[in-house]
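Biologist: I would like a close look at a single part of this model, with the cut-offs spelled out. Please take one element and work outward from there.

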Amino acid sequence: MLVQKLNAMAARAKTDPVSRRGFLLGAAATSAGVAIGFRPLAGLAATEPAKTGGDLAAYIAISEDDTVTIYSSQFDMGQGSYHGIATLVLEELGADWRQVRVEGASGNLAHYGNMAWGGGFQGSGGSTSMTSSWDRYRKAGAAGRMMLAEAAAREWGVPASEIAVEKGVVAHAGSGKSSGFGAFAKAAAGVSIPDDIKLKDRSEWTEIGNEGTKRYDRVGKTRGAQDFTIDVKLPGMLTAVMIHPPKFGAKVASFDAADAKAVKGVSDVVAIHRGVAVVAKDMWTALKARDLVTVEWDESEAETRGSAEIMAAYNDLAVKAPMAVARKDGDPEGAMASAAKVIEASYEFPYLAHAAMEPLNAVAAMNADGVLEIWGGHQMPDYYQQMASKTADIPPENIRMHVMKTGGGFGRRATPDADVITEVTAIGKAIGWKAPVKLQWTRENDMRGGRYRPAYVHRMRAGLDADGKLVAWDNHIVGQSIVANTLFSGLIKDGVDATSVEGSSTLPYAIPNLGVGLTTTESKVPVLWWRSVGSTHTAYATEVFLDEVIAEIGADQVQFRLDLLKDHPRHAGVLKLAAEEAGWGTPLPDGHHWGVAVHESFHSYVAEIAEVSVEDGEVIVHRVVAAVDVGTPINPDVIRAQVEGGIGFGLGSVLQEELTLTDGEVDQGNYDGYLPLRIDRMPKVEVHIVPSTEPPTGIGEPGVPPIGPAVANAVFRASGKRVRTLPFEKGFKSA
């Protein structure tokens with residue numbers, strides 16, 4: 001039933017606008033104050049009991065000590081969703097940042113379902129955290145403000161309309177009375193629910209869009225005081241490490257753990273569904289023992305091809321007719337056949353690892369009352385609860401999920417098979433739940449244990465007429481589907497995985513004859529969404545190939561794009577702003593060249609202009625000017641930080657990152673072989689935000705896609721070389 005529900009949700013995800021359904025308000029007295037929550041009215045799952053304890057079926061709890069606890073439906077893996085949601089609440093509640101704390105919540109879809117995806121599924125992804133939270137968390141804050149005001153009015157014998165709630169203080173100017181929230185926390189729970197929740201007018205905002213607000217959690221993180229899953233310690237807790245198959249698709253045939261079990265401190269060595277687990281009193285003992293375990297693998301169904309063989313097969317497929325049509329405008333085949341000139345190019349994209357700083361981990365502990373508690377970076381907590389339930393053979397209502405902050409995710413913690421969650425659950429079950437268990441993957445587990453951004457090939461063709469006008473465009477994409485055979489398979493329509501073609505099938509340029517085709521391949525190599533998903537390759541292929549066309553015509557890179565974007569003002573808006581702020585057309589230092597790219601992903605629009613030189617064969621990115629349109633900016637500082645981080649993340653991926661396989665085994669194991677951007681290669685970045693009153697969209701991912709093509713286009717002007725095989729360290733030499 002859950003899978004069917006998720007499939008239906010996923011199928012709606014790309015077509016439904018952000019839900020603006022009505023809400024029911026709920027409030028409850030707690031031992032220390034008031035909790036406030038909302039439940040969407042229609043089309044969603046019925047309210048379920050909160051499984052995370054206490055008053056978590058709510059968004060806000062106000063305690064007698066003035067503390068405002070906000071329960072976030074969205075997972076924070078560093079992108080700032082907790083801060084964004086807190087901003088929405090504080091704006092309407094009238095609280096002060098010094099009294100705020102935010103906790104990850106789970107266990108009740110009616111409260112925590114992602115509204116950008118229809119509400120029937122709790123998950124964080126696709127840069128939807130602010131889209132999902134915009135209405136309901138502001139309404140929760142506004143309701144809290146009205147209830148506090150009413151409670152104070154009753155206490156002081158004055159009209160509620162004369163009560164002001166600002167910066168954590170409830171005050172009545174006429175009588176001169178004032179107090180903190182805590183004095184009315186319990187009384188507010190007895191106030192009638194407001195029938196008409198009044199949100200502040202934009203002119204009254206002091207928090208939303210405030211340039212001066214810094215992230216509330218910055219101090220804890222900079223001082224190392226923030227707890228992550230890796231910091232969880234429970235009495236008597238054991239530590240487990242995994243031995244995974246060296247080839248994807250292989251299984252344990254047999255293993256010998258006699259030497260490992262002889263190591264002092266080793267508790268158990270057990271086979272589970274994903275390999276062999278070594279359990280010990282601490283991490284280092286477990287690692288020492290792991291080296292002593294010998295495993296025989298059944299590789300009869302394993303992937304044995306290397307990445308070079310896989311890429312060669314993709315290139316062969318790319319010159320054949322695509323298996324499915326993702327978009328067809330006009331007559332691309334006919335226009336191409338009659339074009340005065342046809343330009344062709346193929347682009348190759350390797351597998352990429354997520355390579356987050358905190359490797360995957362989770363903690364499982366069985367309580368005396370039969371409740372299984374699981375701590376982890378739960379990007380899809382309700383789904384993981386279901387998967388743990390199935391693994392442990394325990395009813396879901398007896399599993400409590402603790403959502404921890406995470407040292408990076410980039411898509412890796414939204415895994416349809418819930419790999420680390422089912423592993424820790426299986427290990428706990430295998431050792432009879434005799435102690436809490438922390439499963440800690442090593443960096444090598446993470447790098448070699450999958451999942452990856454799929455490898456892709458794009459074969460591009462463009463047709464020009466006798467006047468040099470672009471009249472035809474054809475893009476054949478070859479690669480593996482992320483969602484096939486997962487709970488998100490509903491995203492596949494007519495043979496097209498939307499995540500494989502997004503950015504290509506949604507190309508905004510006014511080209512009269514435009515075709516996009518897809519050939520989906522199969523492999524045992526596990527693949528997954530990687531920060532900005534399909535746009536990681538489609539933006540590069542389309543924006544670099546368009547630059548090839550522009551170079552052939554001899555047009556200006558910015559003006560040519562603007563001419564083709566006449567029906568897409570938000571694309572054009574960010575491009576104009578970026579060009580203006582970069583000083584497009586003004587002289588650059590000797591040897592420096594500009595490259596430009598513009599792209600929309602997750603309903604946010606980003607243009608980036610890169611200033612690049614090539615010195616002794618090395619690509620040096622000196623400066624990047626970005627312009628972004630994310631609708632109403634909630635936290636400008638977070639928006640800029642996400643774009644800066646996205647540019648560094650994307651730049652590393654195009655310069656040096658590549659995950660390769662030899663005979664089916666991953667070659668890289670750590671940061672010495674897999675090379676995210678180093679700090680000395682990070683350029684100066686300027687981020688400019690388009691003012692907007694449109695509803696907010698996300699910015700966790702959209703800063704990534706344009707940087708690769710912007711740099712590649714600048715590299716061409718600096719060197720005359722087109723980089724069509726990524727990463728640059730490989731492609732530049734062969735160009």
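Which helices and strands do the buried residues of helix 17 pack against?

Modeller: This is a predicted model, in which local features need pLDDT of at least 70 and side-chain atom pairs count only at pLDDT 80 or more, while totals for chains, interfaces and linings use all residues. Residues are numbered from 1 along each chain as its sequence is written, and side-chain values use heavy atoms, with hydrogens and water left out.

The buried residues of helix 17 pack against helix 16 (557–564), strand 25 (593–601), strand 26 (604–615), strand 27 (618–629) and strand 30 (684–689). Helices (H or I, at least four residues) and strands (E, at least two) are DSSP runs, numbered from the N terminus. Contact means heavy atoms within 4.5 Å. Buried means under 20% relative accessible area, exposed over 50%, and partly exposed in between (1.4 Å probe, protein chains only).

Helix 17 itself covers residues 569–582, 14 residues, and its first and last C-alpha atoms are 20 Å apart, close to the expected 20 Å. The expected span is 1.5 Å times one less than the number of residues. The buried positions in helix 17 are His 571, Ala 572, Val 574, Leu 575, Leu 577, Ala 578, Ala 579 and Ala 582. After the helix comes Gly 583, with a positive phi near 80 degrees.

Strand 25, one of the packing partners, contains Val 596. Val 596 counts as buried because its relative accessibility is 0%. Leaving out residues up to four places away in sequence, Val 596 touches Leu 575 as well as Glu 543, Gln 557, Val 558, Arg 561, Trp 584, Glu 608, Ile 609, Pro 709, Ala 710 and Asn 713. The C-alpha atoms of Val 596 and Val 544 are 9.2 Å apart, with their positions 52 residues apart along the chain.

Helix 16, another partner, also meets helix 15: their axes come within 10 Å and cross at roughly 110 degrees. Axes are lines fitted to C-alpha atoms, for helices over the stretch in contact, and angles run from 0 to 180 degrees between N-to-C directions. Helix 15 is therefore roughly perpendicular to helix 16; angles under 35 degrees count as roughly parallel, over 145 as roughly antiparallel, 65 to 115 as roughly perpendicular and the rest as oblique. Helix 15 contributes Glu 543, Leu 546, Asp 547, Ile 550 and Ile 553 to this contact, and helix 16 contributes Gln 557, Phe 560, Arg 561 and Leu 564. By class, the contact residues are five nonpolar, one polar and three charged. Here Ala, Val, Leu, Ile, Met, Phe, Trp, Tyr, Cys and Pro count as nonpolar, Asp, Glu, Lys and Arg as charged, and the others, Gly among them, as polar.

Ahead of helix 15 (535–553), the loop that follows strand 24 (513–521) holds Ser 532. Ser 532 counts as buried because its relative accessibility is 0%. Beyond its neighbours within four places in sequence, Ser 532 is in contact with Glu 502, Phe 602, Glu 701, Val 704 and Pro 705. Ser 127, in the loop between helix 3 (109–112) and helix 4 (129–156), has Phe 602 and Glu 701 among its own contacts. Ser 127 is buried too, because its relative accessibility is 11%.
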